[in-house]
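Work through these exercises with the structure open. Try each task before reading its solution.

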Amino acid sequence: MERLFAAGENEIREAYTTDVYFERTKKIISAKGLDGTEVWAEFTLGSLPNKWPWAVLCGTEEILRLAEGMDIDIFGVPEGTIFRSRSPKGIRVPLMNIRGRYAEFGEMETAMLGMLCHPSGVATASARVRCAAKDKKVMAFGNRRMHPAISGVLDRSAYIGGCDDVASKIGGDIIGREAVGTLPHALMLIMGSDEAAFKAFDETIERSVPRIVLVDTFSDEREASVNACNIIKDLKGVRLDTPSSRRGSMREIIQEVRWELDSKGFKDVEIIASGGLDETSIRELMGAGVSGFGVGTSISNAPTLDISMDLVCKNGVSISKKGKFGGRKYTYRCPRCLSMDVSLSDDDDVTCSCGSPMEIAEIPLMRAGKRVHRKDPSEIRDYVLAQLKQLGEL
Ligand SMILES: [Zn+2]
């Protein structure tokens with residue numbers, strides 16, 4: 001078999017995926033005897049896409065796994081931090097700082113940024129969907145829109161942002177939860193009828209898997225839903241993935257199915273909506289009787305964040321390229337309103353515009369190649385949800 005195009009883990013670690021100019025830089029630095037140059041590298045971004053007022057930082061854990069063993073120190077705001085890109089004075093807020101010899105980690109810039117930029121976009125889109133769906137269940141279904149090599153990354157990011165469950169097996173393993181799913185249209189078509197597919201699913205799949213079936217393949221959603229209730233005794237829910245050509249008002253279809261199920265005594269059977277949903281369409285369906293949403297492309301295809309890595313200190317002296325601010329900086333955050341500010345000192349009296357004293361927001365993540373911080377995805381997700389509540393978004 002010919003090789004697939006996706007890079008393997010070793011190829012990423014060996015900098016095979018890096019932009020070639022970083023490899024050349026390493027060679028030049030070495031040739032000129034500058035291997036010992038000590039730097040501070042700062043990770044910031046200038047602005048957020050889609051006019052988002054805030055974003056969720058995601059991907060730090062993978063950077064720590066990549067950097068383990070390199071002789072560097074890493075400091076940063078914890079993964080899951082909700083941040084704005086700039087301070088009130090317009091200074092870019094450092095999300096992460098690396099100290100070490102440039103030759104030790106410079107070649108990893110491409111990989112490190114990629115591990116932060118796209119996952120943070122996905123986690124942010126997921127958090128926005130979470131806010132729209134409030135206390136309803138949200139399942140991440142978007143892996144099929146992106147390359148399979150990053151399925152685990154996508155699912156982890158979607159979960160951290162606030163999705164309750166993920167669909168891929170690798171994603172389930174990474175977040176420590178069973179992957180979830182209902183039935184694909186393919187099964188309905190292969191089995192030939194809704195009823196045959198419902199029966200086959202119920203007879204074949206282990207009881208621990210919740211019985212949620214698809215009800216939009218052949219017949220009317222209302223009729224198929226009631227059929228499903230009659231065929232599967234412990235039916236957990238029905239999923240409506242009604243094609244856009246048949247939708248009219250999805251809200252009214254759901255209201256009608258809910259009415260029919262309730263009136264036939266199936267009040268506990270949940271309705272799951274899916275198919276092209278995003279934060280706007282989810283808001284439109286709230287209150288119609290939906291218990292949960294399957295959300296795909298709008299999360300996995302989230303805009304990537306334009307985070308960059310810049311050298312801000314060389315051999316103890318502040319430096320920077322044009323357009324950036326030099327010096328090792330510390331990120332402060334207001335514990336009350338979560339605003340952020342920046343200072344050149346880690347012992348500064350920084351006061352928020354809301355009147356509260358700010359606190360240092362960064363923590364040590366790695367010292368001399370050994371990680372000194374670890375949180376599992378559920379803890380990071382809890383942290384995201386707590387901040388969303390604090391901001392009044394949830
Ligand atoms: Zn404040």
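Two residues are in contact, or touch, if their C-beta atoms, placed from the backbone, lie within 7 Å. The model is predicted.

**Exercise 1. List the residues that Ala140 touches, leaving out residues up to four places away in sequence.**

Solution. Apply the 7 Å cut-off to C-beta atoms. Ala140 then touches Ser126, Asp155, Ala158, Tyr159 and Cys163, among others. The list is completed by Val166, Ala167, Val295 and Ile299.

Next, place Ala140 in its core. The largest nonpolar core has 103 residues. Ala140, Val213, Ile254, Ala273 and Phe293 touch the most other members. Helix α5 (residues 109–133) supplies the largest share of this core, 13 residues. Domain 1 and domain 2 both give residues to the core, so it lies between them.

**Exercise 2. Describe the overall make-up of the protein: its secondary structure, its extent and its burial.**

Solution. Start with the elements: there are 14 helices and 18 strands. Then take the extent. The C-alpha trace spans about 75 × 60 × 35 Å along its principal axes. Now burial: 42% of the 394 residues count as buried. Last, consider contacts with a separation of 6 or more. Residues 24 or more positions apart account for 68% of them.

**Exercise 3. Set out the two domains and find which helix gives the most to the side of domain 1 that touches domain 2.**

Solution. Fix the bounds. Domain 1 covers 9–120 + 306–390, and domain 2 covers 128–300. Their centres, taken over C-alpha atoms, are 37 Å apart. Then turn to the contacts. Twelve residues of domain 1 are in contact with twelve residues of domain 2. On the domain 1 side, helix α14 (residues 377–390) gives the most, with seven residues. That side divides into eight nonpolar, two polar and two charged residues.

**Exercise 4. Trace the strand order of the seven-stranded open sheet and name its edge strands.**

Solution. Read across the sheet: β13-β12-β1-β5-β3-β17-β18. The pairing is antiparallel. The edge strands are β13 (317–318) and β18 (370–371), each of which pairs on one side only.

Check one pair within the order. Strand β1 (residues 38–44) and strand β12 (residues 308–314) pair in the antiparallel sense over six bridges. In this pair, Val39 stands opposite Lys314 of β12.

Now add a helix. Helix α3 (residues 60–67) lies across β3 (72–76), β17 (363–367) and β18. Helix α3 runs at about 25° to β17.

**Exercise 5. Find the pairing partners of strand β14 and decide whether its faces are covered or open.**

Solution. Take β15 to begin with. Strand β14 (residues 330–333) is joined to strand β15 (residues 340–343) by four bridges, and the two run antiparallel. Arg333 has Met340 as its bridge partner in β15. The two strands form a hairpin with six residues between them. In the turn, Leu338 has a positive phi of about 65°.

Then take β16. Strand β14 pairs with strand β16 (residues 359–360) in the antiparallel sense over two bridges. Here the bridge partner of Tyr332 is Ile360.

Finish with the faces. Tyr330 and Tyr332 lie on one side of β14, Thr331 and Arg333 on the other. The four residues are all buried, and both faces of β14 are covered.

Terms used. Residues are numbered from 1 along each chain as its sequence is written. This is a predicted model: local features need pLDDT of at least 70, side-chain atom pairs count only at pLDDT 80 or more; totals for chains, interfaces and linings use all residues. A residue is buried if 20 or more other C-beta atoms lie within 10 Å of its own, exposed if 12 or fewer, and partly exposed in between; C-beta atoms are placed from the backbone. Two strands pair if DSSP finds at least two bridges between them. A nonpolar core is a set of buried Ala, Val, Leu, Ile, Met, Phe, Trp, Tyr and Cys residues joined through C-beta atoms within 7 Å. Domain bounds come from an automatic or database domain assignment. Ala, Val, Leu, Ile, Met, Phe, Trp, Tyr, Cys and Pro count as nonpolar, Asp, Glu, Lys and Arg as charged, and the others, Gly among them, as polar. Axes are lines fitted to C-alpha atoms, for helices over the stretch in contact, and angles run from 0 to 180 degrees between N-to-C directions.
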